[in-house]
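Subject: Structure handed over, with notes

Hello,

The structure I said I would pass on is below. Please look through it first and then read the notes under it.

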Amino acid sequence: MCQQTAKPLINDKIVFHGAGSMAEAIVRGLIARSVIYADNIIMLNRSSNERLAELRSRYGVIGSNDPGQKEEYLRTSPVIVLAMKPKDAAAALRSLGPNLQDGQLIISVIAGLSIRTIQGLIGKKQPVVRTMPNTSSSIGLGATGISFSKEVSDEQRRLSLNIFEAIGLTSVIEEERMEILTGISGSGPAYIYYMMEAMIASGIRGGLSKEQSAELTVQTVLGAARMVQQTGEEPAALRKKVTSPGGSTQAALEVLDKGDFFETVIAAVSRCAERSREMGAALEAELSAETEKER
Ligand SMILES: NC(=O)C1=CN([C@@H]2O[C@H](COP(=O)(O)OP(=O)(O)OC[C@H]3O[C@@H](n4cnc5c(N)ncnc54)[C@H](OP(=O)(O)O)[C@@H]3O)[C@@H](O)[C@H]2O)C=CC1
Ligand SMILES: O=C(O)[C@@H]1CCC=N1
């Protein structure tokens with residue numbers, strides 16, 4: 001008897017234009033959740049054949065560096081995810097523009113790059129979804145901010161949400177909030193890892209083995225995040241429950257406060273948002289310079 005296999009949620013071909021850490025995190029998450037067949041995912045990069053071979057063997061995706069094939073994939077795929085570094089985006093978008101067909105959906109994960117600048121560099125009012133995911137998408141625990149250009153159809157909106165909902169939480173926001181979101185959830189995993197690095201190092205300095213210190217730190221971070229999620233209590237309320245008056249936690253928090261921990265984190269998030277805006281402004285300036293040259 002012929003076995004019925006469930007159709008995956010996403011049946012469109014998706015091209016990843018850029019095949020680095022963020023593209024891999026999304027692809028890994030999508031494949032792990034079986035929401036798309038691997039051979040519907042095409043990964044392109046600029047030059048690294050070894051990287052594409054690695055991705056092909058790891059996930060069964062299609063990866064190509066052949067200029068003719070790349071052009072064909074970009075011309076025909078209904079969805080193109082822009083996943084190169086901001087510094088490479090202007091050149092990539094300028095050469096992409098003439099190949100695009102009306103209605104092909106552009107999804108960007110590039111920090112700072114606005115919808116307006118994307119459409120300007122492409123030279124067309126293409127439907128654009130601007131997102132800011134994070135690398136935890138690779139294990140289905142991503143947090144992605146999403147904004148839509150007005151050209152995005154309902155169907156394309158649903159498709160974009162399907163992609164990012166499959167790999168974590170999504171939050172549809174006004175585009176002007178994308179930079180602050182980048183400061184919280186796009187770059188946020190790095191702050192938590194940094195904190196963990198410091199906690200692990202202190203455990204080792206205090207005589208724990210590296211393994212013990214790492215294991216205890218991971219479980220502590222995981223447990224703390226789950227506590228906030230599952231109890232619904234505010235982090236401040238949960239912190240108070242750990243902190244006995246005059247006890248060891250209070251002593252530790254006083255040291256953090258001496259280093260202005262709370263305001264330092266706020267300053268870091270704010271600098272991250274500002275840096276995203278600077279990167280966006282640099283790309284917008286490239287667009288303006290080009291428009292000026294054409295006059
Ligand atoms: N890493 C993260 O945590 C997050 C990153 N982002 C955003 O994702 C984007 C990518 O970051 P990340 O994955 O870390 O970067 P990586 O450096 O890991 O990857 C960049 C990729 O882009 C490719 N590339 C460069 N130029 C072109 C081009 N012209 N055409 C096709 N591919 C090209 C590179 O190919 P090659 O190696 O061959 O040059 C490489 O595969 C950035 O814009 C960043 O802002 C967003 C959220 C989180
Ligand atoms: O560091 C960066 O620019 C990117 C954006 C968010 C996370 N990484």
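The notes below go from the whole chain to its annotated domains, then to one helix and one loop residue.

This is a predicted model, in which local features need pLDDT of at least 70 and side-chain atom pairs count only at pLDDT 80 or more, while totals for chains, interfaces and linings use all residues. Residues are numbered from 1 along each chain as its sequence is written, chains are lettered from A and ligands numbered from 1 in the order in which they are written, and side-chain values use heavy atoms, with hydrogens and water left out.

The whole chain. There are 12 helices and 8 strands, taken as DSSP runs numbered from the N terminus (helices are H or I, at least four residues; strands are E, at least two). The C-alpha trace spans about 65 × 65 × 35 Å along its principal axes. Of the 295 residues, 42% count as buried (under 20% relative accessible area; exposed is over 50%, partly exposed in between; 1.4 Å probe, protein chains only).

Annotated domains. UniProt, in an unreviewed entry, lists "Pyrroline-5-carboxylate reductase catalytic N-terminal" at residues 13-112; such annotations may be inferred rather than shown by experiment. That stretch is 44% helix and 19% strand. The same kind of record, also unreviewed, places "Pyrroline-5-carboxylate reductase dimerisation" at residues 175-279, where the chain is 83% helix and 0% strand.

Helix H12. This helix covers residues 261-294, and its end C-alpha atoms are 50 Å apart, which agrees with the 50 Å expected for 34 residues at 1.5 Å a residue (the expected span is 1.5 Å times one less than the number of residues). Its buried residues include Val269, Cys272, Leu283 and Glu290. Among the elements covering the buried residues of H12 are helix H4 (86-96) and helix H8 (188-205).

How do H4 and H12 pack? Their axes are 9 Å apart at an angle of about 30 degrees (axes are lines fitted to C-alpha atoms over the stretch in contact; angles run from 0 to 180 degrees between N-to-C directions). The two helices are therefore roughly parallel, a term for angles under 35 degrees. Pro86, Ala89, Ala90 and Arg94 of H4 make the contact with Met279, Leu283, Glu286 and Glu290 of H12 (contact means heavy atoms within 4.5 Å).

A loop residue. Glu174 lies between strand S8 (168-172) and H7. Is Glu174 buried or exposed? Glu174 is exposed, with a relative accessible area of 54%.

Regards

Conventions: Parallel < 35°, antiparallel > 145°, perpendicular 65-115°, else oblique.
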